[in-house]
Amino acid sequence: MLTILFDGVAYGMILFVLACGLSVTMGLMNFINLAHGAFAMFGGYVTVLAMQRLGLPFLWALPAAFLVAAAAGLVLERLVYRPMYAKSHLDQVMFSIGLVFMAVAGADYLMGSSQQFVQLPAWLSGRFDLAGIGVGRYRLFIILLCGALAFAMQWGFTRTRFGSRLRAAVDDARVARGLGIPVNRLFALTFAFGSGLAGLGGALGIELMGLDPTFSLKFMIYFLIVVTVGGTSTISGPFFAAMLLGVADVAGKYLVPQLGAFIIYALMVVLLITRPHGLFARGRA
Amino acid sequence: MSEGSIEARVQRSLYAARRWHPAEIMFWLLAVAAFFLLPRQLLILNEIAILGLFAVSLDLILGYAGIVSLGHAAFFGFGAYAAGLFAKHASADPLAGLAVGMGAAGLLGLLTSPLILRGSDLTRLMVTLGVALILGELANSLGWLTGGADGLQGIMMGSVLGLFEFDIFGKVAYLYSLAVLFVLFVLARRIVGSPFGLSLRAIRDNPLRASASGVPLHWRLVAVYTLAAAYAGAAGALLAQTTQFVSLDVLAFHRSADLMLVLIIGGAGYLYGGLIGAVAFKLLQDVIASFTPQYWMFWIGLFLVLFVLGGRELIHGGIKAVVGRVARLGRRSPT
Amino acid sequence: MSVALQTFDLCKSFGGITATDHVDFTLAKGARHALIGPNGAGKTTFVNLLTGVLRPSSGRVELKGEDITAVSREARVGRGLARTFQINQLFGTMTPVEMIALVTSERLGRGRQLLRALDRDAELVAETAEILARFRLDDIMDERIATLPYGKQRQIEIAAAFAAKPSVLLLDEPAAGVPEAERRELMAMVAGLPEDVSVLLIEHDMDLVFRFATRITVLVNGHVLAEGDPDEVARDPAVRAAYLGEHAHG
Ligand SMILES: Nc1ncnc2c1ncn2[C@@H]1O[C@H](COP(=O)(O)OP(=O)(O)O)[C@@H](O)[C@H]1O
Ligand SMILES: [Mg+2]
């Protein structure tokens, strides 16, 4: 039972790292980027290639995944995303679905449709027993790494100058512009950082979630659940939403496998009806 | 200017909106002519008619009432399974099956309509997507009923009106789908031109003013959502009946996404957009499939991106020019 | 004097801001009543409370003696309470004909008819035409509303509210932002409204207010500072200090 909880937390941690970039971009530019998962997939493939072709060790492949995905985010934001901010939500959705389709087919073309695997270093594989709970080393590694990241982000978001500007811009971009905050540059940086995190999440997730060309479609709904349920104005909202989702999903699949993802979707619909502004969002009039 | 003449002008303006345009008559004549001119393409024409009906359904809620949905396939799939199961277990009569598919999907629309009444576009997108995903999971796990991943097989259809047997070339299939499409289209056309239809446009344009004008937003949205769901169910039922097969694919996400693309290509809010979009989409799919069958998803994606980034104005400008030319031809002929 | 609209101890707060502060207000039948007060005094909020756009934190609203506090927005319109908006709220893709026809059709209870053609409804056509003529919208009746000049749009705001045949009409700064030349025409329309319609006018231009109103209520920081006929209000020292004074110079 506790093992399920543990696995669920690890899974939720990855979901958080994958989705939190999306939450900030959504809050900042009011932009629905369904293609966020494509950056995660990109990071995953970068890791696979770096390890298989370049022979990079896993730990070195992770920052590579982050950097390459962030660079891709920076370029794409500049070239194709920026004209989309002023368009309707519907256009944004169609646009980013288009990007997802391209990413899925592109990955299939370049990498083939099969599942990809990575070789974890020996010290990260296997389980050990801790007070009767089976603890996977890799999952423990994920929890520690992503937990540290979450703390760092929470700190950066609430304590640094960059964070306070970001919060001001999320609250009201027009007012922030009026105050002389360079919202566009802020957004480009955040977008790149969020894409990088997605790439890192994709790399970390290969072992747990698998990696194939349909990754960005399959997990799109998960990211969106995290964001819609967690709200877009904090770091902690998406964090707890991701934990909840991770644990619920792992527990559901373990305890009642025949229902599949049913529980998750039902949970999301119920949450959205009862709390249309997100579970942890601040009350708005 | 006297009061009387203003009244006459008001009436003329209101009439102009629902008048049959020559280009419209031409459109339907072409659809019938296609039966004779393209005897080898009847199966794909049938698919176009079904997709067109499905897109009309989305246009009713998106183009008229302004409700975005990423899960419209829920109703399409539900109608398809309902009609398929009805044919398998109850009666092979197509029209009865069509009614069952529409009724079932309409009921599902009615039951899920409270979900779309509140919240932002984003919440609506998510909730509609969620409903479609839930149905997909259900259809997958209720294998004893739906056939699960193997699909619902062994559907045998009777003849339409007891007269026309379905054939392997799709002759009856196309005419049947086209007839259903036409009847439902004319009905939809009538509805959007009614006081009810006007109130939907009011809600789409400005919900605040709509309610300040006495429009009960919730009830109208429930009504149109139910109606659109029934239309989508009809499209699903047609697919089940004319292909005699239902797979999990009817509920898939890409079906909802493709549908959006169809409507966006054709333009929302005038009903024909769905039909024009369906033709364009199937042609596009066909062309792409002929040179890269495997990666058509990439080209569809690229098309979407370019379209939203600026291609739409080009295409719609083209359509308007053509329609305008046909209209001028029509006006020259005596009325 | 019979009462058209009345509030009892009406309150509304947004977080820390009290926008409506224990307001007891009475609008007499057939009144020409003005509601004035500086920006942010809570005038628009008050109208939103009356029309159900906002729910009050506490207190009660009565229309012709009936409690409507819990009645939906659209049902209030059905009972004869209509309004205009300070910031245009129009159906941008419609033509004036369509917008007025919409309001008229809802008033006549046609909104649930799915199959009837609009132009076949003689009553609907006649009443739509009457409104268009009354507000001089007939020359632009087939243009898209979004493309019309601002002054015309303000006219449509009023026409659309009036098309609901209200017994109480709330006008939230109808002339706001309208150029001087068109103001007169607009205010002539307001002055020409039928006498049995009770009108509450929110307006900043004191000339217009004193020409129009037979009764004035002054709102400051959400509460009623003074109320009376125009002379009384103009003489009231508190009003002069809080409100008129600063405008007399500006
Ligand atoms: N929806 C709202 N949320 C928060 N504060 C509001 C809202 N609407 C109005 N207010 C506040 O209530 C006060 C009164 O505003 P308003 O009624 O618009 O004043 P007026 O119309 O007299 O200029 C202002 O301080 C305004 O900022
Ligand atoms: Mg105001």
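Biologist: Why is Gln86(C) called partly exposed?

Modeller: In this predicted model, Gln86(C) has a relative accessible area of 27%. Buried would need a value under 20% and exposed one over 50%, so 27% puts Gln86(C) in between.

Biologist: And what about Thr44(C): buried, exposed or partly exposed?

Modeller: Thr44(C) also comes out at a relative accessible area of 27%. That falls between the 20% and 50% limits, so Thr44(C) is partly exposed.

Biologist: What makes Thr44(C) and Gln86(C) count as donors to the magnesium ion, ligand 2?

Modeller: Their oxygens, OG1 of Thr44(C) and OE1 of Gln86(C), sit at 2.0 to 2.1 Å from the ion. The cut-off for a donor here is 2.8 Å, so both qualify. As for where they come from, Thr44(C) is in helix H1 (residues 43-51) of chain C, while Gln86(C) is in the loop between strand E6 (81-83) and helix H3 (96-107), so the pair ties together parts that are 42 residues apart in sequence.

Biologist: Thr44(C) is in the shell around ligand 1 too. How do you know that its side chain makes a polar contact there?

Modeller: An N or O atom of the Thr44(C) side chain is 2.7 Å from an oxygen of ligand 1. With a limit of 3.5 Å for a polar contact, that pair counts. The backbone joins in as well: Gly40(C) has an N or O atom 2.8 Å from a ligand oxygen, and a polar backbone atom of Lys43(C) is 2.8 Å from one. Of the 560 Å² that ligand 1 exposes when taken alone, the protein buries 63%.

Biologist: Which element gives the most to that shell?

Modeller: H1(C), with 3 residues. Strand E2 (17-28) of chain C, like H1, supplies at least two. By type, the shell splits into 5 nonpolar, 5 polar and 1 charged.

Biologist: Over to chain B. Why is Asn46(B) called buried?

Modeller: Its relative accessibility is 4%, and anything under 20% is buried, so Asn46(B) meets the criterion. The residue belongs to helix H3 (residues 42-64) of chain B. Beyond its neighbours within four places in sequence, Asn46(B) touches Ala173(B), Tyr174(B), Ser177(B) and Thr242(B). With Thr242(B) there is a side-chain polar contact of 3.1 Å.

Biologist: How do you know whether chain A and chain C are in contact or apart?

Modeller: Contact requires heavy atoms within 4.5 Å. No such contact joins chain A and chain C, and their closest C-alpha atoms lie 8 Å apart. There are 2 pairs of chains in contact, and chains B and C share the most contacts.

Definitions and conventions:
Residues are numbered from 1 along each chain as its sequence is written. Chains are lettered from A and ligands numbered from 1 in the order in which they are written. This is a predicted model: local features need pLDDT of at least 70, side-chain atom pairs count only at pLDDT 80 or more; totals for chains, interfaces and linings use all residues. Side-chain values use heavy atoms; hydrogens and water are left out. Donors are N, O and S atoms within 2.8 Å of the metal (3.2 Å for Na, K and Ca); water is not among the atoms, so sites may look incomplete. Helices (H or I, at least four residues) and strands (E, at least two) are DSSP runs, numbered from the N terminus. Buried means under 20% relative accessible area, exposed over 50%, partly exposed in between (1.4 Å probe, protein chains only). A residue is near a molecule or strand if one of its heavy atoms lies within 4 Å of it. A polar contact is a pair of N or O atoms within 3.5 Å; within protein, one must be able to donate a hydrogen and the other to accept it, and residues adjacent in sequence count only if both atoms are side-chain atoms. Accessible areas come from the Shrake-Rupley method with a 1.4 Å probe; for residues, only the protein chains shown count as cover. Ala, Val, Leu, Ile, Met, Phe, Trp, Tyr, Cys and Pro count as nonpolar, Asp, Glu, Lys and Arg as charged, and the others, Gly among them, as polar.
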